[in-house]
Amino acid sequence: INMSDTKALCYAALICEGKADAAQLSATCKAAGVNVNASTAKAFAALLAKKDINDILKGMALGGGGAPAAAAPAAGKAAPAAKKAKTPEPSEEDDDMGSLF
């Protein structure tokens with residue numbers, strides 16, 4: 001399994017309902033087939049000892065918010081109209097396929 005330590009430890013913390021030490025978090029990750037760094041597991045365990053898992057999850061920003069909106073034009077100025085790209089008309093020379101056959 002290709003998963004970052006952070007993500008694996010987050011899942012392990014959820015599985016353990018936020019009540020786990022570093023060894024339990026590491027064991028949970030290992031059971032899922034993910035080896036995590038011991039110092040990262042200790043840091044997560046220290047965080048879980050200080051804060052409730054629900055408070056941690058409430059403070060997390062979830063991805064997938066989409067692209068940022070385009071900047072609005074300055075007040076009193078209209079946005080410039082988009083110019084249509086002119087495509088060249090094919091010439092009669094381009095249509096001559098007599099030399100292909």
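Trainee: Where is serine 26 found in this predicted model?

Mentor: Serine 26 sits in helix α2.

Trainee: Why is serine 26 called partly exposed?

Mentor: Look at its relative accessible area, which is 24%. Buried means under 20%, and exposed means over 50%. The value for serine 26 is 24%, so serine 26 counts as partly exposed.

Trainee: Which residues does serine 26 touch, leaving out those up to four places away in sequence?

Mentor: Val36 and Ala41. Contact here means heavy atoms within 4.5 Å.

Trainee: What separates the C-alpha atoms of serine 26 and leucine 9?

Mentor: A distance of 7.7 Å, with the two residues 17 apart along the chain.

Trainee: Now the helices. Why are α2 and α3 called oblique to each other?

Mentor: Start with the angle. Helix α2 covers residues 22–31 and helix α3 covers residues 38–50, and they pack at about 120 degrees. Roughly perpendicular runs from 65 to 115 degrees, and roughly antiparallel is over 145. An angle of about 120 degrees fits neither class, so α2 and α3 are oblique. Their axes lie 8 Å apart.

Trainee: Which residues make that contact?

Mentor: From α2 come Ala22, Leu25 and Ser26. From α3 come Ala41, Lys42, Phe44, Ala45 and Leu48.

Trainee: How many nonpolar, polar and charged residues does the contact of α2 with α3 have?

Mentor: Six nonpolar, one polar and one charged. Lys counts as charged, and Ser falls in the polar class.

Trainee: What is the handedness of the crossing where α2 passes α3?

Mentor: The crossing is right-handed.

Trainee: What makes α1 roughly perpendicular to α2?

Mentor: Again, the angle. Helix α1, residues 5–15, packs with α2 at about 105 degrees, and the axes are 9 Å apart. The roughly perpendicular class spans 65 to 115 degrees. About 105 degrees falls in that class, so α1 is roughly perpendicular to α2.

Trainee: Which residues meet there?

Mentor: Ala8, Leu9, Ala12, Ala13 and Ile15 in α1 meet Leu25, Thr28 and Cys29 in α2. By class, seven are nonpolar, one is polar and none is charged.

Trainee: How many helices and strands does the protein chain have?

Mentor: Five helices and zero strands. From the N terminus, the order is α-α-α-α-α.

Trainee: What share of the protein chain is buried?

Mentor: Buried residues make up 18% of the 101 residues. The chain exposes about 8,500 Å², and carbon and sulfur atoms supply 57% of that area.

Key:
Residues numbered from 1 in each chain as written. Predicted model: local features only at pLDDT ≥ 70, side-chain atom pairs only at ≥ 80, totals over all residues. Heavy atoms only, no water. Axes fitted to C-alpha atoms, helices over the stretch in contact; angles between N-to-C directions. Helix = DSSP H or I, 4+ residues; strand = E, 2+ residues; numbered from the N terminus. Parallel < 35°, antiparallel > 145°, perpendicular 65-115°, else oblique. Left-handed = near helix turned anticlockwise from the far one by under 90°. Buried < 20%, exposed > 50% of the residue type's maximum accessible area, 1.4 Å probe, protein only. Areas by Shrake-Rupley, 256 points an atom, 1.4 Å probe, with all protein chains shown as cover.
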